[in-house]
Amino acid sequence: MIVLKVENIKEFMAKMLTGEMFDKFHVVNCEVTTFVTFQIDGKRHDEWFDTDERTEDTSSQVLWKQLRPVIFSLIRGKKTPEVFKVDFCHYLGNGDVGSLRMQYERGELFLFTGYMQKEFSLNKEAQQSWDDNCRNFLREYGEEQ
């Protein structure tokens, strides 16, 4: 696990909320505090969708691409939220899960990485690779870490 501090918060949030930066990530949960606290469970309810609207995604979590417009509508305006947290995850082909938590609070924005292995192992190479990939991902979007 590593912790990364985002310096250019306004630019990062614009990319996150209006661009495709995190669109391929699944959302485990999300919290937005403005005049009230909105807590969103990222569990997707496929039965709500019409047959032609359903995704081929086999995970039970919603993609950020689907949730992004809803979140954007909650926080757009002149005031920044008091708190904004999103727990992202990425399902890997080997059964492992990489996570990335975005947390904005008290005027600071941090990203926390995490890694859950399908099977127990003392080998931390996959975790290190995930952390490196997260750093590279942020650099790709102009966030030097």
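User: Which residues of H3 are buried in this predicted model?

Analyst: The structure is a predicted model. Helix H3 covers residues 125-140. Within H3, the buried residues are Trp 130, Asp 131, Cys 134, Phe 137 and Leu 138.

User: What arc do the buried residues of H3 cover around the axis?

Analyst: An α-helix has 3.6 residues a turn, so residues three or four places apart point the same way. The buried residues of H3 lie on the same side of the helix, because the arc they cover around the axis is only 120°.

User: Which residues are exposed on the other side of H3?

Analyst: One side of H3 holds buried residues, including Trp 130 and Phe 137. On the other side, the exposed residues are Glu 125 and Glu 140.

User: Which elements do the buried residues of H3 pack against?

Analyst: The protein chain has 3 helices and 7 strands. The partners of the buried residues of H3 include one helix segment, H1 (9-18). Together with H1, the elements they pack against are E1 (3-6), E5, E6 (97-105) and E7 (108-116).

User: How far apart are the end C-alpha atoms of H3?

Analyst: Helix H3 has 16 residues, and at 1.5 Å a residue it should span 22 Å. The model agrees with this expectation, as the end C-alpha atoms of H3 are apart by 22 Å.

User: How many aromatic pairs does a search of the whole structure find, and why is the pair of Phe 22 and Phe 25 tilted?

Analyst: The search of the whole structure finds 9 aromatic pairs. For Phe 22 and Phe 25, the ring centres are 5.5 Å apart and the planes stand at 55°, so the pair is tilted. Tilted pairs have planes that are neither under 30 degrees nor over 60 degrees apart. Both residues of this pair, Phe 22 and Phe 25, are buried.

User: Which parts of the chain does the pair of Trp 64 and Phe 88 link?

Analyst: Trp 64 and Phe 88 form an edge-to-face pair, with 5.4 Å from centre to centre and 80° between the planes. Both residues are buried. They are 24 residues apart, and the pair links distant parts of the chain: Trp 64 in helix H2 (residues 64-75) and Phe 88 in strand E5 (residues 83-91).

User: Which residues do ring pairs link into a cluster?

Analyst: Phe 137 is one of the buried residues of H3, and Phe 88 lies in strand E5. Ring pairs link both into a cluster, whose members are Phe 12, Phe 22, Phe 25, Trp 64, Phe 88 and Phe 137.

How values were computed. Residues are numbered from 1 along each chain as its sequence is written. This is a predicted model: local features need pLDDT of at least 70, side-chain atom pairs count only at pLDDT 80 or more; totals for chains, interfaces and linings use all residues. Side-chain values use heavy atoms; hydrogens and water are left out. Rings of Phe, Tyr and Trp (its six-membered ring) pair if their centres lie within 6.5 Å; planes under 30 degrees apart count as stacked, over 60 as edge-to-face and the rest as tilted. Buried means under 20% relative accessible area, exposed over 50%, partly exposed in between (1.4 Å probe, protein chains only). Helices (H or I, at least four residues) and strands (E, at least two) are DSSP runs, numbered from the N terminus. The expected span of a helix is 1.5 Å times one less than its number of residues. The arc is that of the directions from the helix axis to the C-beta atoms. Contact means heavy atoms within 4.5 Å.
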